[in-house]
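Visitor: I am new to this structure and would like to understand the words used for it. Could you show it to me?

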Amino acid sequence: MLHTRHPAGQARAAAPSAGPPARRRLVGIDAARGLALLGMVSVHILPSWDPETFEATAQWTLFSGRAAALFALLAGVGLALGSGGTRVHEGRRATADRAGLLVRAVLITALGLLINQLSPGDPPAYNILVYYGVFFLLALPFLHLSVRALLAWAAGLAVLGPVLVHSLGPVLPGFTVYNPGLAELVTEPGTTLAQLLVTGSYPGVTYLVYLLAGLALGRLDLSAVRTQAGLAIGGAALAVFSAVTSWLLLHPLGGIERLLAASPSLDRGDVQDVLVYGPDPVLPSATWWWLAVTGPHTNTPLALLSGVGTGALVLGLCLLVARRAGHVLLPLVAAGSMTLTLYSAHLLGLFLELHYEQPVLWFLVHVLVGTVFAVLWHRARGQGPLERAVGRAAHAGRDRVLRHRLNS
């Protein structure tokens, strides 16, 4: 099913991170989260295409798909920092880390399901929170692996995940609700599970690549300028490589013609829409040549490499800027320190459906209100309200395991 352009150009992208804070917080990571949140809000509210030229808007081109990838990658970084960083926890501390992550996953899933109860049938945004809970559950076995092992798993899943989505998507039960809530979980558990893992907007079998890549990056010495510069340069190279490879496959090597031949119901405009705006929600399955595209939310091997590359680039640049001009990043840092809170509030605001007629005005309202709240709260209390609640519950679960092990 092809992506349908909403009248206000709403995208189905985004995702906050709810990883535990590091003891010595690198504000560049929060700034990167804040930038991803800003991009997500713009993609959800501002038009995706220009009504005069019919070309994709700049904000859509920059942020669509990349915001969700960046948030998932940074979630992995947060998990790495919370489980030892460069010194991976072992023994009972590792067990306690997994207990805390399990609590975090359950709470985020529950929050997402509750928010989805208020979602319109044709939602202005796809809520990623329920998917995030699944991502964290899937990450449990990988939480304490080495950098080399994490990168190897991420590379393997970057190939296997898209193959599973492409091959299983047509045979699994199709969902009818884009934002599954408690009712869908109870009445259609199999369909909902298939949606969260394979057929949905953020399938767990592919988004785990971003989480594992972020876990690997979080095991590096992110405070070192060499690491920060390496992330920026390496990330840019990976993004360019994926874009060039996709172009070669689709154009000089005839991929576009093969897509058209395998899908008679599609014309060149339809294929171009998938390349620019992404599928709705998954790619057609008529030919494996669809795996050569890199459009937003296409979840192909090259799209995953592009998402990891742009995420590493943004993280490296934010860390480098924070070294010299951290004060300039304060609004992004404050927003990035409470993306779970701001993202949830943003969704609830979108579900009122007041923004369609005046998207620019409502974009400014969401950004300014969210930023002012974040800066004031950050200065007064630190962690955001939802981050604090989820963090306390996760730490309580972690501490309970530690106490049990000490007493046994």
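Visitor: Why is tyrosine 207 called buried?

Guide: Happy to help, and please keep in mind that this is a predicted model. Tyrosine 207 has a relative accessible area of 2%, and buried means under 20%, so tyrosine 207 counts as buried.

Visitor: How do you know whether tyrosine 210 is buried or exposed?

Guide: The same step works here: its relative accessible area is 5%, against a limit of under 20% for buried. Tyrosine 210 is therefore buried.

Visitor: What makes the pair of tyrosine 202 and tyrosine 207 edge-to-face?

Guide: Their ring centres lie 5.6 Å apart, and rings pair if their centres are within 6.5 Å. The planes stand at 80 degrees, and over 60 counts as edge-to-face, so the pair earns that name. Tyrosine 207 also forms an edge-to-face pair with tyrosine 210, at 5.2 Å and 75 degrees. Those two residues both lie in helix 9, about one turn of the helix apart.

Visitor: Why is helix 5 called roughly perpendicular to helix 9?

Guide: The two helices pack at an angle of about 70 degrees, with axes 9 Å apart. Angles of 65 to 115 degrees count as roughly perpendicular, so helix 5 gets that description relative to helix 9.

Visitor: Which residues make that contact?

Guide: Helix 5 brings Phe135, Phe136, Leu138 and Ala139, while helix 9 brings Gly204, Tyr207, Leu208 and Leu211. By class, seven are nonpolar, one is polar and none is charged.

Notes
Residues numbered from 1 in each chain as written. Predicted model: local features only at pLDDT ≥ 70, side-chain atom pairs only at ≥ 80, totals over all residues. Heavy atoms only, no water. Axes fitted to C-alpha atoms, helices over the stretch in contact; angles between N-to-C directions. Helix = DSSP H or I, 4+ residues; strand = E, 2+ residues; numbered from the N terminus. Parallel < 35°, antiparallel > 145°, perpendicular 65-115°, else oblique. Contact = heavy atoms within 4.5 Å. Nonpolar A, V, L, I, M, F, W, Y, C, P; charged D, E, K, R; others polar. Phe/Tyr/Trp six-rings, centres within 6.5 Å; stacked < 30°, edge-to-face > 60°. Buried < 20%, exposed > 50% of the residue type's maximum accessible area, 1.4 Å probe, protein only.
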